[in-house]
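Let's take a walk through a protein chain together. Keep the picture open beside you and look for each part as it comes up.

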Amino acid sequence: MPVCPLSRSENAVSRVSSENISFRLHKGQLDQLRQEAREKRISLNTLASQIVDSYVNYTSRASRAGAIPVSRLALEVLLEGYTEDQIKAMAERIVKMSGEDTTLMLQGRYDFEALLQSFESWLKATDFPYRHTRTKNMHNSRHSFIVQHDMGRKYSVFAAEGFKTYFEPMKTQEIEYSITDNIISITVEGA
């Protein structure tokens, strides 16, 4: 398995208050979690926190927001028969039809910060390696994401146009993006 140079997030992790709790788990499941933690070179506690975070911030509400699991191959095959212009139009249409509703279902509000939280929760759920950098000025915050999906150029076109359309209603500067066959770089600024 290739090693990806991208980290999950470059944001400084702020300390959040926490509590201790214990759970009883099936031994086989616990063994699998321990193995995954070793493979990821993280503690079992960190892995458990990531799992809970993903559930609380995305998975528990995703189906109500219209999201379903679809294989990478299915998306790649579905996009094969379309031109880049058709793919861009499709991505824009999908996001315009569902972007605000999805964010409201996932975050309970619709503002720039809610868009960012939903987007980052989705990235974590996909398990795409990504890098997120944030810079702040007096009035706005600028966010740059680099996402490695390894699904080909047509998916890059689809996703980048979808991301651009998703953030468009809350942007304060033009959204910039660039793509390769397997990576999307997008920068968005909002209040």
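**A walk through the fold**

Let's start at one residue: leaving aside residues up to four places away in sequence, Thr 103 touches Gly 108, Arg 109, Tyr 110, Ala 114, Leu 115, Ser 118 and Tyr 166. You'll find Thr 103 in helix H4. Is Thr 103 buried or exposed? Its relative accessible area is 0%, and anything under 20% counts as buried, so Thr 103 is buried. One of its neighbours deserves a second look: the side chains of Thr 103 and Tyr 166 make a polar contact of 2.9 Å. Keep in mind as you look around that this is a predicted model.

Now zoom out to the whole protein chain. It has six helices and four strands. In sequence order, they follow the pattern α-α-α-α-α-β-β-α-β-β. How compact is the protein chain? Its radius of gyration is 18 Å, close to the 16 Å that the globule rule gives for 191 residues, so the chain is as compact as a globular protein of that length. If you drew a box around the C-alpha atoms along the principal axes, that box would be roughly 50 × 45 × 35 Å.

What about inside and outside? Of the 191 residues, 29% count as buried. The protein chain exposes about 12700 Å², and carbon and sulfur atoms supply 53% of that area. There's also a nice way to see how the sequence folds back on itself: take the contacts between residues at least 6 apart in sequence, and 62% of them join residues at least 24 apart.

Back to helix H4, which runs over residues 84–107. This helix has a kink of about 45 degrees, centred on Ser 98. Its buried residues are Ile 87, Ala 91, Val 95, Gly 99, Thr 103, Leu 106 and Gln 107. Which elements help to cover them? The cover includes H2, helix H3 (72–80), H5 and H6. Just after H4 comes Gly 108, with a positive phi near 80 degrees.

H2 is the next stop, and it has a kink too: about 50 degrees, centred on Tyr 55. How does the length of H2 compare with what you'd expect? With 19 residues at 1.5 Å a residue, H2 should span 27 Å, and its end C-alpha atoms are 25 Å apart, which agrees. The buried residues of H2 are Leu 47, Tyr 58, Ser 60 and Ala 62. They pack against H1, H4 and H5.

Next, take a look at two loops. Arg 41 sits in the loop between helix H1 (27–40) and helix H2 (44–62). Its phi is near 60 degrees, a positive value in a residue other than glycine. Arg 41 has a relative accessible area of 78%, and over 50% counts as exposed, so Arg 41 is exposed. Asp 127 lies in the loop between helix H5 (112–126) and strand S1 (130–136). Asp 127 isn't a glycine either, yet it has a positive phi of about 65 degrees. At 39% relative accessibility, Asp 127 counts as partly exposed.

A loop residue can be buried as well, and His 149 shows it, with a relative accessible area of 1%. His 149 is found in the loop between strand S2 (141–148) and H6. What surrounds it? Not counting residues up to four places away in sequence, His 149 touches Arg 72, Phe 128, Tyr 155, Ser 156, Asp 181, Asn 182, Ile 183 and Ile 184. A polar atom of the His 149 side chain also lies 2.9 Å from the backbone nitrogen of Met 151.

Our last stop is Glu 161, in helix H6 (residues 153–167). Is Glu 161 buried or exposed? With a relative accessible area of 8%, Glu 161 is buried. Again leaving out residues up to four places away in sequence, Glu 161 touches Lys 88, Ala 91, Glu 92 and Tyr 177. Remember Ala 91, which was listed among the buried residues of H4. The side chains of Glu 161 and Tyr 177 are joined by a polar contact of 2.9 Å. To get a feel for distance, find Ser 17 as well: Glu 161 and Ser 17 are 144 residues apart in sequence, and 37 Å apart in space from C-alpha to C-alpha.

Note on methods:
Residues numbered from 1 in each chain as written. Predicted model: local features only at pLDDT ≥ 70, side-chain atom pairs only at ≥ 80, totals over all residues. Heavy atoms only, no water. Buried < 20%, exposed > 50% of the residue type's maximum accessible area, 1.4 Å probe, protein only. Contact = heavy atoms within 4.5 Å. Polar contact = N/O pair within 3.5 Å; in protein donor to acceptor, adjacent residues only side chain to side chain. Expected span 1.5 Å × (residues − 1). Bend = angle between axes of the 7 residues up to and from the residue. Rg over C-alpha atoms; globule rule 2.2 N^0.38 Å. Areas by Shrake-Rupley, 256 points an atom, 1.4 Å probe, with all protein chains shown as cover.
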